[in-house]
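Please open the structure in a viewer and follow the selections below in order. Each stop names what to select and then describes what is found there.

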Amino acid sequence: MTEAVLLDSLRRECDAARRALEADFRARGDAAAALAGRTSLADRVLRSLVSTLFPARPEAPGSCCLIALGGYGRRALFPCSDLDVLLLCADAPAADSVRAPAAALVRMLWDLGWRAAVTSRLLEECDRFELDNPEFSISLLDNRPITGDSALGAALRQKILPALAAREHAAFVRSLAEMTRERHGKHGHTLFHLEPNLKDAPGGLRDYDVACWATAVHELARHGTQGRPRGWTAPESGWGELLGEAASAAYRFIAAVRVFLHYHNGRDDNRLTYDLQEEAAGRSIGVPGAEPLRTEEWMRLYFRHARTIARLSKRRMDEVMARPSLYSAFEDWRARLSNADFSVHRNRVFCRRPAALADPLFLLSLFEFVARHGLELAVETESMIEQALARAGYAAQWPGDGPSTGTQLRRILHLPSAGLALRVMHRLGVLDAVLPEFRAVDALVIRDLYHRYTVDEHTLLAIEGLHALPHATFDPDRRFAEILAEVEQPDLLYLALLLHDVGKGMPGENHVLSSFEAAERACPRLGLAPYECDLVAFLIRNHLEMSLTLQRRDIFDPEAVRVFSELVATPERLKMLCLLTYADIRSVNPESLTPWKAEMLWQLYAAAANYLARSVDVTRLAPSSGSDRELLEVVRGSPALAALAKPLAAFLDGFPRRYLKLHSAEEIAAQFEMARHLEERLVAGDLHAAEAQLRERRGQYELTVVTRDRPRLFAALTGVLSSWGMNILKADAFSNRAGLVLDSFVFADLYDTLRLNPEERGRLLGDMEDAAVGRSAPEAIPRRRFARGAAARSRATLATEVSFDNSCSATSTVFELVARDRPGLLHRISELLADARCNMEAALVDTQGEKAIDVFYLTRGGKKLSEAEAQALRESLLRGLDAG
Amino acid sequence: MTKIEAIIQTSRFEAVKDALKESGIEGMTVTDVRGHGRQKGHTEVYRGREYSMDLLPKTKLELVVPDRLAETVIEAILKSARTGKIGDGKIFISRVDEAIRIRNAERGEDAL
């Protein structure tokens, strides 16, 4: 047969076969058939061409063999993929003799519409790992002889490659790792793209190939040809049951989509564009026989499968990686993190007590270890967990005690590598078991051009984004890092982030409401205290408010600031909401938090923080009016307060509204009891009575004093704490219409006096009560010699700033001080204010690292200070504080 | 054809977008920008430190419309973006010589 006749015949055959394969795929969606069909067609064409073009040299020494490589070798030839063929020759004379036929072969293949790449090599050349062309050596792993000298093909498979794999195992694996890293880098190291590349992006088909190659190299190196018991076609047999099945299903799905793309585009274009997602979903590509899916649901399947393949690839590479001894020695320095339960080897965590993984709290402690040290689990540890979960049925019902689970989850959330731990927990199904609400957003797609990530990925990125803040070096991130450092209970902020979008996967039009309701179920189950539940619920309920204010209001308009500030109501809620908003926006897509937007967010935060600091006495409680709705809600909502109703009204009358926000219902009830006890003592004739209570709170102490107002009261109380060596971190001072003062101090016990000597608590309370009624002066208490030590502890230099504002309060002059924090500072300030005959109507004291930030609402003679008086006081404070 | 470029308060954007939609105009390009005219910048003193924004955040809209619709668009923007305060922004008008749709090479008003 002449070449022209052959070409014509083959052209008709190829065209007919291609049309038939495409029609069959359109009808049935069977990707495996499409790939096998095209592979068979290529085999037939090649054999026909070779039999015509090549000289007949039946299996003589010095002969040749045609070998399929790449996808062709794997029998997975996609409709528009290249045909990779190796022309393997026994020796140089054989190679010379087929040079011309090989060129003709390539020409004719292209004429027939095949994009063919034919590489010629001598057998001996395949016995070395090509460092400058690792792709070739790796492609040999997919070898499949098509025609020619079978002995040559067998020599390659059974002798050359096993020896090469054994000898160059490290080079193979290192090349695979580097090529994967480079490829992933071109796709942002994430599988989440609006228009993912099905072949090259993380989680794509190339990652599946990497898993196969890693397995092939490893098995060949270990067992020679015996390492591939089912020949060269079933690497999955070594992947484990669970992951193997999931990975095979994932491959079938994504392969089907790639076939669809090739037929649609008519070329090797593997980008799943926005429009084609819709068409693929409508045709149920990848799920043959299923009803057409909504595009979001179909993309959800895609991301789940991509995640499985990414996990498979990573796991296989982890298993086969052999590192140079110097690196493993470096890695093993972390082995010192090992403890009785977990050991660390080569940066991976192993479980020393596998049987204990059935205990839910032990299981969580493993993730706590991960979150603390930032270490991935070893593959075998993951397998143990999967088996333990399956045996114990955790997916159906988390058996752990709710509050204990909640405590551990909060600890995990607070640790620096919480994101890593949560990802592992999510991957293994533990997160869904602990927090079933999160199941609703697994791989959930929000299909628009703005949301790049699935909802679960967005949530995890948001948490990681906050944890990364302490490492920020530039504004505005650095400013948000400062806010984060001040948050009292960051674990609650992270918990709010974890739940803030779960509503998107739940029925209902308004995801904010659904998330809020989910949090109302989850938080009590996790053992959060009522005020903690309220705080998390508030954050979730309002998690879009700050963002909406930025978009729809003029944030430089005082009225807009007022409205927003009154929504958040307390500085702590403002800080947490600001950070939640920062993290939420930042993790929508890589460009969503522009510097412009971050600056706007910061400006709104600062304006609201200033408003809250300067508006304490703008509105005061008026329970006697009967129409104070907010007050009524708080009272009715708390059994502790509802029972006290009428006498409570007199206690609350005149307190700033802020008081309700700063204290929980339980705290208000306790403080009311203090006030009632004080009243009883006063009525009984004990005119120098004061009530003081002390409690420990999260490693610090909170001391509350209820007493009648008198001159220099605040100075006296702060003096006692100062004399005792306590560092006041926060304080607030309020008074009601009846002249009752309620001062709260949060302090750190610098000398650990109270913990080491519990009996001293009574003495401290006694000193506070004495100082409150003027029975003793703070100077009488032996002063701790802490001043020198404290000064040495802090090397920060910070200029003292004092400012005042006579316009933000109707009744008081508001002073704001910022100074370097040091023990005794608040006492010094309050002495200076008392010396200036100022009455403190309210005070808000806070500490930010080395900085003390204090706001005082002052009057003199029952009125605001004049401008001149305020200026004089300012100068007196500056002189007095800089001298002290 | 007329190009209309409007720099408005960010907080008025939704209102302007709705007003344009009601007037039958939907195509526009929106950019977040910073700037100021006579409006002074904003300084917030927070914990003793000054945070100044000399260039204030604004939103820029760009539209190209047939000449006969230009006044409609201008009126819609003026009514919906105005608050009466300094900082409301400005509208700039310029002529466009040609417009071409990339998808099918349509030209002129048909490409808008």
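**A tour of chain A**

Begin with the whole of chain A, in which buried residues account for 45% of the 884 residues. The model is a predicted one. With the view aligned to the principal axes, the C-alpha atoms of chain A occupy a box of roughly 125 × 50 × 50 Å. The radius of gyration of chain A is 36 Å, whereas a compact globule of 884 residues would have one near 29 Å. A cartoon representation shows 38 helices and 15 strands in chain A. Of the contacts in chain A between residues at least 6 apart in sequence, 71% link residues at least 24 apart.

Next, colour chain A by domain: domain 1 (3-318), domain 2 (326-434), domain 3 (474-614) and domain 4 (675-883). Select domain 1 and domain 3 of chain A together; their centres, taken over C-alpha atoms, are separated by 49 Å.

Now turn to the nonpolar interior. In general, nonpolar side chains of soluble globular proteins tend to be buried together. The largest nonpolar core holds 256 residues, and A:Val217 and A:Val370 touch the most other members. Helix H10 (residues 241-265) of chain A contributes the most to this core, with 12 residues. Which residues does A:Val370 touch, leaving aside those up to four places away in sequence? Selecting them gives A:Val349, A:Leu375, A:Leu377, A:Ser417, A:Leu420, A:Ala421 and A:Val424. Another core, of 13 residues, lies apart from the largest one and includes B:Ala6, B:Val16, B:Leu20 and B:Ala81.

Move on to the sheet of chain A in which 8 strands follow the order E8-E9-E11-E10-E14-E15-E13-E12. The sheet is open, and its pairing is antiparallel. Its edges are strand E8 (691-697) and strand E12 (801-805) of chain A, each of which pairs on one side only. On average, neighbouring strands of this sheet are turned by 20 degrees against each other, direction ignored.

Within the sheet, select strand E10 (residues 726-735) and strand E14 (residues 839-848) of chain A, which pair in the antiparallel sense over 3 bridges. Which residue of E14(A) is the bridge partner of A:Ala733? That partner is A:Ala843.

Finally, add helix H37 (residues 825-835) of chain A to the selection. Helix H37 of chain A lies across E10, strand E13 (813-820), E14 and strand E15 (851-859) of chain A. Relative to E15(A), helix H37 runs at about 25 degrees.

Definitions and conventions
Residues are numbered from 1 along each chain as its sequence is written. Chains are lettered from A and ligands numbered from 1 in the order in which they are written. This is a predicted model: local features need pLDDT of at least 70, side-chain atom pairs count only at pLDDT 80 or more; totals for chains, interfaces and linings use all residues. Helices (H or I, at least four residues) and strands (E, at least two) are DSSP runs, numbered from the N terminus. The radius of gyration is taken over C-alpha atoms; the globule rule is 2.2 Å times the number of residues to the power 0.38. A residue is buried if 20 or more other C-beta atoms lie within 10 Å of its own, exposed if 12 or fewer, and partly exposed in between; C-beta atoms are placed from the backbone. Two residues are in contact if their C-beta atoms, placed from the backbone, lie within 7 Å. Two strands pair if DSSP finds at least two bridges between them. Axes are lines fitted to C-alpha atoms, for helices over the stretch in contact, and angles run from 0 to 180 degrees between N-to-C directions. A nonpolar core is a set of buried Ala, Val, Leu, Ile, Met, Phe, Trp, Tyr and Cys residues joined through C-beta atoms within 7 Å. Domain bounds come from an automatic or database domain assignment.
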